[in-house]
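User: I'm new to this structure and would love a close look at one small part of it. Could you walk me through it in plain words?

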Amino acid sequence: MPQITVDYTAVLEDSDAFDMDGFARALHEAVVEIAAANPEACKTLFRDALSAYAYEPMDRQPAVVHVTIGLLAGRSEETKARLTETVLELLRRHVTPEDGVTLRASAEVRDLDPSYRKFEG
């Protein structure tokens, strides 16, 4: 815990538009500071979406990024909202779409199901 997943469209992978390393480092620091997570427990999985659709005028193409953070239950709604806003601010800093590309970013923080278990080997 926390379980962080970043889904993003390929338009960001084929360029230097997304500083994934910098984003992950800054995000882990924020999760530790805001949600009192253990730094060693932070892990982020980046997933390239093969396709995505978002309405854009004909002369623009979308870059879609969605971040999901799963935390053990117990954080207040205020803490989750603060973390979500921080994620969006970090995306603004670490994603710079090329001309003609519109960034569509979103984030959510959710409680992990009580059945959550982990394995390290």
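With which side chain does the side chain of Lys-80 make a polar contact?

Analyst: Happy to help! Please keep in mind that this is a predicted model. The partner is Asp-111: a polar contact of 3.0 Å links its side chain to the side chain of Lys-80.

Let's start with Lys-80 itself. You will find Lys-80 in helix H3. Its relative accessibility is 10%, and because buried means under 20%, Lys-80 counts as buried. If we set aside residues up to four places away in sequence, Lys-80 touches Arg-75, Val-109 and Asp-111. Val-109 and Asp-111 can be looked up in strand E4, which covers 101–111.

Arg-75 deserves a visit next. This residue sits in the loop between E3 and H3. Arg-75 is buried too, yet it has no salt bridge. The nearest side chain of opposite charge belongs to Asp-111, at 6.7 Å, whereas a salt bridge needs a nitrogen of the Lys or Arg side chain within 4 Å of a carboxyl oxygen. What the side chain of Arg-75 does reach is backbone: the oxygen of Ala-35 is 2.8 Å away, and the oxygen of Leu-72 is at 3.0 Å. Apart from neighbours within four places in sequence, Arg-75 is in contact with Met-1, Ala-35, Ala-36, Ala-37 and Lys-80. That list brings us back to Lys-80, which touches Arg-75 in turn.

Now let's step back to the sheet. Four strands make up an open sheet, and their order is E2-E1-E3-E4 with mixed pairing. At the edges are E2 (43–49) and E4, each of which pairs on one side only. Averaged over the sheet and ignoring direction, neighbouring strands are turned by 15° against each other.

Two helices pack on this sheet. Helix H2, residues 20–35, touches E1, E2 and E3 (61–71), and its direction makes about 35° with that of E3. Helix H3, the home of Lys-80, spans residues 77–94 and touches E3 and E4. The direction of H3 makes about 155° with that of E4.

Strand E1, residues 3–9, shows how the pairing is mixed. E1 and E2 run parallel and are joined by seven bridges, while E1 and E3 pair in the antiparallel sense over six bridges. Ile-4 is a handy place to see both sides: its bridge partner in E2 is Thr-44, and in E3 it stands opposite Ile-69. E1 is largely enclosed by the rest of the structure, because five of its seven residues are buried. As you follow a strand along, remember that in a regular strand the side chains alternate between the two faces of the sheet.

For a contrast with the buried Lys-80, look at Glu-120. Glu-120 lies in the segment after strand E4, and its 64% relative accessibility means that it counts as exposed. The side chain of Glu-120 is joined to that of Lys-118 by a polar contact of 3.5 Å. Between the C-alpha atoms of Glu-120 and His-66 the separation is 26 Å, and these two residues are 54 residues apart along the chain.

Methods:
Residues are numbered from 1 along each chain as its sequence is written. This is a predicted model: local features need pLDDT of at least 70, side-chain atom pairs count only at pLDDT 80 or more; totals for chains, interfaces and linings use all residues. Side-chain values use heavy atoms; hydrogens and water are left out. Buried means under 20% relative accessible area, exposed over 50%, partly exposed in between (1.4 Å probe, protein chains only). A polar contact is a pair of N or O atoms within 3.5 Å; within protein, one must be able to donate a hydrogen and the other to accept it, and residues adjacent in sequence count only if both atoms are side-chain atoms. Two strands pair if DSSP finds at least two bridges between them. Axes are lines fitted to C-alpha atoms, for helices over the stretch in contact, and angles run from 0 to 180 degrees between N-to-C directions. Contact means heavy atoms within 4.5 Å. Lys and Arg count as positive and Asp and Glu as negative; His and the chain ends are not counted.
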